[in-house]
Amino acid sequence: MTEKKRWHVVLDPGHGGSDHGFGTETLVEKDVNLAVCSRLKTILEASGVDVLMTRTADVDVEPIKRAELAHAMEADLFVSWHCDYLEDEVVSGVSLWVGDHVEERYMIEFDAIGDAIVEATKQIMLGVFQDHDNVLSLLHVPAVMIRGAFLSNEEDHELCKSPNFLQAQAQGTARGILKVLHRLSLIE
Ligand SMILES: [Zn+2]
């Protein structure tokens, strides 16, 4: 009998320390990112996943350090959490992003994470997009960035202050991550 594989996931709360990310007078992205990732860590660990965070406090972490952690852990999945911000304050919802070198099949897999989030939060799923990112582009393991809400949208902004909302986002994300981990292990 083979031993059941324990999955390794790295959670990456975007920004930190001197790098605030997007923000308003009452809410800063780096804090939202850490709050969601901390909740997500608890839920994933309860499901038997080994989780490492690239930061657990309000500190600066270089992109290369975030990537090195994922490679050292031989992570099955790297999940970066961010918020979004647009001048058009009407736009709200969740989007997922992959680096510019990623195969299309991963974009299809990661769609499941977005679906699981919006099932839990009743947000809008905007899609999975590909772009250059200075963390994701350094990674040689499956990696996705989730932009959980628009701080430029009044409703999303208020939601990000609600512990219930952040918990729902974390629960939905955990369900999606577990689904993707199963599927990736079947493919590889
Ligand atoms: Zn960000």
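## Worked exercises on a predicted model

UniProt, in an unreviewed entry, places the feature "domain: MurNAc-LAA" at residues 67-178. The model you see is predicted, and the exercises below walk through it from the whole chain down to single residues.

### Exercise 1: The whole chain

Describe the make-up of the protein chain, and decide how its radius of gyration fits its length.

Solution. Start with the inventory: the protein chain has 5 helices and 6 strands. Read from the N terminus, their order is β-α-β-α-β-β-α-β-β-α-α. The radius of gyration is 15 Å, close to the 16 Å from the globule rule for 188 residues, so the chain is as compact as a globular protein of that length. Next, look at the extents: the C-alpha trace spans about 55 × 35 × 30 Å along its principal axes. As for burial, 44% of the 188 residues count as buried. Finally, turn to the contacts between residues at least 6 apart in sequence: 79% of them join residues at least 24 apart.

Now narrow the view to the UniProt feature. Over residues 67-178 the chain is 41% helix and 24% strand, and the end C-alpha atoms of this stretch lie 21 Å apart.

### Exercise 2: Strand β3 and its neighbours

Work out how β3 is covered, and which strands it pairs with.

Solution. First count the burial: 8 of the 8 residues of β3 (residues 77-84) are buried, so this strand is largely enclosed by the rest of the structure. Then sort its side chains by direction. Leu77, Val79, Trp81 and Cys83 point one way, while Phe78, Ser80, His82 and Asp84 point the other way, and all are buried.

Next come the partners. Strand β1 (residues 8-13) pairs with β3 in the parallel sense over 5 bridges, and here Pro13 stands opposite Trp81. Strand β6 (residues 143-150) also pairs with β3 in the parallel sense, over 6 bridges. Two places to check in the viewer are Val79, which stands opposite Val144, and Asp84, whose bridge partner in β6 is Phe150.

Follow β6 one step further. It is mostly covered, with 8 of its 8 residues buried. Strand β4 (residues 94-98) is joined to β6 by 3 bridges, and these two run antiparallel; the bridge partner of Ser95 in β6 is Arg147.

### Exercise 3: Two helices

Compare the span of α3 with the expected value, do the same for α1, and find out where the buried residues of α3 sit around its axis.

Solution. Helix α3 (residues 104-121) has 18 residues and reaches 26 Å from its first C-alpha to its last, close to the 26 Å expected at 1.5 Å a residue. Its buried residues are Glu109, Phe110, Ile113, Gly114, Ala116, Ile117 and Thr121. They cover an arc of only 160° around the axis, which puts them on the same side of α3. The face turned away from that buried side carries the exposed residues Glu104, Arg105 and Ile108. Just after the helix, Lys122 takes a positive phi of about 65°.

Helix α1 (residues 29-46) passes the span test too: its 18 residues should cover 26 Å, and its end C-alpha atoms are 26 Å apart, which agrees. Its buried residues include Val32, Leu34, Val36, Leu40 and Leu44, along with Glu29 and Lys30. Just after α1, Gly48 has a positive phi of about 85°.

### Exercise 4: Three residues to classify

Are His15, Glu74 and His182 buried or exposed? Use the cut-offs of 20 or more other C-beta atoms within 10 Å for buried and 12 or fewer for exposed.

Solution. Begin with His15, in the loop between β1 and α1. It has 24 C-beta neighbours inside 10 Å, so His15 counts as buried. Its phi is positive, about 65°, although His15 is not a glycine.

Glu74 lies in the loop between α2 (63-72) and β3. With 8 other C-beta atoms within 10 Å, Glu74 is exposed. Glu74 is not a glycine either, yet its phi is positive, at about 50°.

His182 belongs to helix α5 (residues 163-187). There are 11 other C-beta atoms within 10 Å, so His182 is exposed. As a last step, relate His182 to Trp7: they are 175 residues apart along the chain, and their C-alpha atoms are separated by 9.4 Å.

Key: Residues are numbered from 1 along each chain as its sequence is written. This is a predicted model: local features need pLDDT of at least 70, side-chain atom pairs count only at pLDDT 80 or more; totals for chains, interfaces and linings use all residues. Helices (H or I, at least four residues) and strands (E, at least two) are DSSP runs, numbered from the N terminus. The expected span of a helix is 1.5 Å times one less than its number of residues. The arc is that of the directions from the helix axis to the C-beta atoms. Two strands pair if DSSP finds at least two bridges between them. UniProt positions are given in the numbering used here, feature names are shortened, and annotations may be inferred rather than shown by experiment. The radius of gyration is taken over C-alpha atoms; the globule rule is 2.2 Å times the number of residues to the power 0.38. Two residues are in contact if their C-beta atoms, placed from the backbone, lie within 7 Å.
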